[in-house]
Amino acid sequence: MKDIDVIALGELLIDFTENGISPAGNPILEANPGGAPCNVLAMLNNLGKKTAFIGKVGKDSFGEYLTETVRNLGIDTTSLIKDEEVHTTLAFVHTASDGDRSFSFYRNPGADMMLTKEDIDFEQINRAKVFHFGTLSMTHDNCREATKAALAYAKEKGLIVSFDPNLRPPLWKSLDTAKEMMEIGFSQCDILKISDDEITFVTGKETIPEAIDAFLVKYQPKLMCVTLGKNGSIAIYNGMRISSPGVIRENTIETTGAGDTFMACVINYVLENGIDNLKESDLVKMQAFAGNAASLITTRKGALKVMPTREEVENG
């Protein structure tokens, strides 16, 4: 019985984001629930889909807060495990004047890294239509083996596989290893979202058209979206390359969660329209909706708890 639309595996953490200056002149940090896979699920829930999450948090106050937050959003937390010894992962988000951001992680170790193959409820994966993952769950041995096992099972059972590499260089001991793990995702996924920085990194090419050409020589996901930040996106499907302009908003605060919001909208479009017979008009419609949704999240602090509704995206 396929009673789950999307099941995602990966990190769930606290994003500390800047939120003003105290009277003493110190930066004030706001503890926002975050983690790319759960951000994707939160947006999918807002679009009316049933979702479930596989991951680990610490048995601490942040872990309790994250579990409660995810559950209140309607995401199934049956496979969200609390680690008895390792604390919840923390990320500090540093925002530039244009809204772009960089990250510092407190994850040596972090609870999300401690997920093991034995923690996986494979039967729950079999109840889903789509399996979504990224590479943060592949930085270390335990979570890497868990991710590979879940991915292999999802492929065996015929789930649509969705992948967003979501590369965070500070979390990798070696970027060569990061590239190897990304390539596992590229070779197995049906739906791929990859950023301009990521596709030039993995191909070694300087321009996006060259990078796409080089990428498609090695990998052929059914549906691929290259996101270009404020410059929009390119959808690649069945020989077509459809560009969509970016949506710029004057009240942009930060870009945290924009890619995850875009990813969720792409997955949602596939759930509602299938993946085998998309037309050019579908790609145009899909990217317009995803781009508008992604632009809306840039006007809000955090991502997980403030994803836009379908109505907001359609009217925005």
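Strand β12, spanning residues 233-237, is mostly covered in this predicted model: five of its five residues are buried. Its two neighbours in the sheet order are β11 and β13, and helices α8 and α9 come into the picture too: α8 touches β12 among other strands, while α9 lies across β11, β12 and β13.

**Strand β12 itself**

- Both faces of β12 are covered.
- On one side you'll find Ser233, Ala235 and Tyr237, which are all buried.
- Ile234 and Ile236 sit on the other side, and they are buried as well.

**The β11 side**

- β11 (residues 223-227) runs antiparallel to β12, and five bridges join the two.
- If you want a spot to start tracing the register, threonine 227 has serine 233 of β12 as its bridge partner.
- The two strands make a hairpin with five residues between them.
- In that turn, glycine 229 has a positive phi of about 60°.

**The β13 side**

- β13 (residues 240-244) also pairs with β12 in the antiparallel sense, over five bridges.
- Here isoleucine 236 has arginine 241 in β13 as its bridge partner.
- This pair is a hairpin too, with two residues between the strands.
- Asparagine 238 in this hairpin takes a positive phi near 50°.

**The whole sheet**

- Zooming out, nine strands form an open sheet with mixed pairing, in the order β5-β4-β1-β8-β9-β10-β11-β12-β13.
- The edges are β5 (76-83) and β13, each of which pairs on one side only.
- On average, neighbouring strands in this sheet are turned by 15° against each other, direction ignored.

**Helices on the sheet**

- Helix α8 (residues 258-273) packs on the sheet and touches β1 (4-9), β8 (128-133), β9 (160-163), β10 (191-195), β11 and β12.
- The direction of α8 makes about 160° with that of β10.
- Helix α9 (residues 280-297) lies across β11, β12 and β13, and runs at about 35° to β13.

**Arginine 144, over in α4**

- Arginine 144 belongs to helix α4 (residues 141-156).
- Arginine 144 counts as buried because its relative accessibility is 13%, and the cut-off for buried is under 20%.
- Leaving aside neighbours within four places in sequence, arginine 144 is in contact with Ser137, Met138, Thr139, Trp172, Thr177 and Met181.

How values were computed: Residues are numbered from 1 along each chain as its sequence is written. This is a predicted model: local features need pLDDT of at least 70, side-chain atom pairs count only at pLDDT 80 or more; totals for chains, interfaces and linings use all residues. Side-chain values use heavy atoms; hydrogens and water are left out. Buried means under 20% relative accessible area, exposed over 50%, partly exposed in between (1.4 Å probe, protein chains only). Helices (H or I, at least four residues) and strands (E, at least two) are DSSP runs, numbered from the N terminus. Two strands pair if DSSP finds at least two bridges between them. Contact means heavy atoms within 4.5 Å. Axes are lines fitted to C-alpha atoms, for helices over the stretch in contact, and angles run from 0 to 180 degrees between N-to-C directions.
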